[in-house]
Amino acid sequence: MQTQMPPSTQRAVAAVTESAAAMFLTLTVAGQLCGVPVLAVRDILAAQAITRVPLAPREVAGSLNLRGRIVTAIDLRRRLGLPPREAGAPPPMSVVVEQSGELYSLLSDSVGEVLALPEEGFAANPPTLDPLWRDVSRGVHKEDERLLIVLDVDRILAIG
C-alpha cells in the first residue's frame with residue numbers, strides 16, 4: 001500500500017530535487033575546469049590500482065575494484081583528445097558514476113568541490129569549442145573568471 005505525500009512534502013521534495021540538479025562536482029582535466037552533475041556521482045576515489053584490459057578502446061584505462069565491484073576506468077584525457085599526463089605528475093583521481101547498473105570511473109587530474117551553479121550563468125557550447133569537447137558537453141558556465149565545461153556523463157561513456 002502506497003501512501004500519498006501531503007502537498008507541502010511534495011513541494012519540498014521537488015525543491016530539493018531541483019536544487020540538487022543544479023549542483024555540480026568540479027574536476028580538472030589538463031587545466032580545464034569541468035563539472036558533472038552531482039546526482040550522477042556515486043563515489044570519489046584517490047589513486048587506485050588499475051588493471052589494463054586487453055583489446056579495450058584506447059579511452060579505457062582499465063578496470064579497478066571498488067568494494068568487490070569491477071569498475072571500468074575511462075581516461076578523460078584520452079577521451080577528450082588531450083595529451084597524456086606528464087611523467088611524475090600525480091596519479092589521477094576517480095569520479096565514479098553509474099550508467100545502466102554498471103560503474104565507471106572518470107579519471108581526472110584533480111577533483112574540486114561541489115558547486116551550486118545559478119541558471120543564469122549557463123550558456124550553449126561556444127562555436128570555438130573543440131568538436132570533440134562539444135560532442136560530450138551539455139554547455140558551459142562562467143564561474144568567476146573561468147569557463148566551466150559541463151560534461152554529459154552519458155556522452156562521455158558512449159565510446160566507439
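The following exchange concerns the fold, the salt bridges and selected residues of a predicted model.

Biologist: On what basis are residues numbered and features accepted here?

Modeller: Residues are numbered from 1 along each chain as its sequence is written, and side-chain values use heavy atoms, with hydrogens and water left out. Because the model is predicted, local features need pLDDT of at least 70 and side-chain atom pairs count only at pLDDT 80 or more, whereas totals for chains, interfaces and linings use all residues.

Biologist: How many helices and strands does the protein have?

Modeller: Helices (H or I, at least four residues) and strands (E, at least two) are DSSP runs, numbered from the N terminus. On that basis, the protein has four helices and eleven strands.

Biologist: In what order do the five strands of the open sheet stand?

Modeller: Two strands pair if DSSP finds at least two bridges between them. The pairing in this open sheet is mixed. Its edge strands, each pairing on one side only, are β3 (41–45) and β4 (60–66). The order of the five strands is β3-β6-β7-β5-β4.

Biologist: How many bridges join strand β5 to strand β7?

Modeller: Strand β5 covers residues 69–75 and strand β7 covers residues 102–108. The two strands run parallel, and D75 stands opposite L107 in β7. The number of bridges joining β5 to β7 is four.

Biologist: What percentage of the residues of the protein count as buried?

Modeller: Buried means under 20% relative accessible area, exposed over 50%, and partly exposed in between (1.4 Å probe, protein chains only). The protein has 160 residues. Of these, the share that counts as buried is 38%.

Biologist: To what percentage does the accessible surface of the protein belong to carbon and sulfur atoms?

Modeller: Accessible areas come from the Shrake-Rupley method with a 1.4 Å probe; for residues, only the protein chains shown count as cover. The accessible surface of the protein comes to about 9,500 Å². The part belonging to carbon and sulfur atoms is 55%.

Biologist: Which residues does I156 touch, not counting residues up to four places away in sequence?

Modeller: I156 lies in helix α4 (residues 153–157) and is buried, with a relative accessible area of 0%. I156 and V136 are 20 residues apart in sequence, yet 5.6 Å apart in space, C-alpha to C-alpha. With contact taken as heavy atoms within 4.5 Å, the question can be settled. Beyond four places in sequence, I156 touches L76, R79, L80, L106, V136 and L151.

Biologist: Which residues does A40 touch, not counting residues up to four places away in sequence?

Modeller: A40 is found in the loop between β2 (32–37) and β3. A40 and F24 are 16 residues apart in sequence and 9.3 Å apart in space, C-alpha to C-alpha. Leaving out residues up to four places away, A40 touches V96, V97, E98 and V153.

Biologist: With which residue does R67 form a salt bridge?

Modeller: A salt bridge is a side-chain nitrogen of Lys or Arg within 4 Å of a carboxyl oxygen of Asp or Glu, and a search of the whole structure finds seven. In the salt bridge of R67, the closest N and O atoms are 2.5 Å apart. R67 lies in the loop between β4 and β5 and its partner in strand β3, so the pair ties together parts that are 24 residues apart in sequence. R67 is exposed at 68% relative accessible area, while the partner is buried at 18% and is D43.

Biologist: Is R77, which forms a salt bridge with D109, buried or exposed?

Modeller: The closest N and O atoms of R77 and D109 are 2.9 Å apart. The pair links distant parts of the chain, with R77 in helix α2 (residues 76–79) and D109 in the loop between β7 and β8 (110–116), 32 residues apart. D109 counts as partly exposed at 22% relative accessibility. At 12% relative accessibility, R77 counts as buried.

Biologist: Which residues are linked with D75 in a network of salt bridges?

Modeller: D75 lies in strand β5 and is buried, with a relative accessible area of 8%. Leaving aside neighbours within four places in sequence, D75 is in contact with E59, A61, R85 and L107. The residues linked with D75 in the network of salt bridges are R77, R78, R85 and D109.
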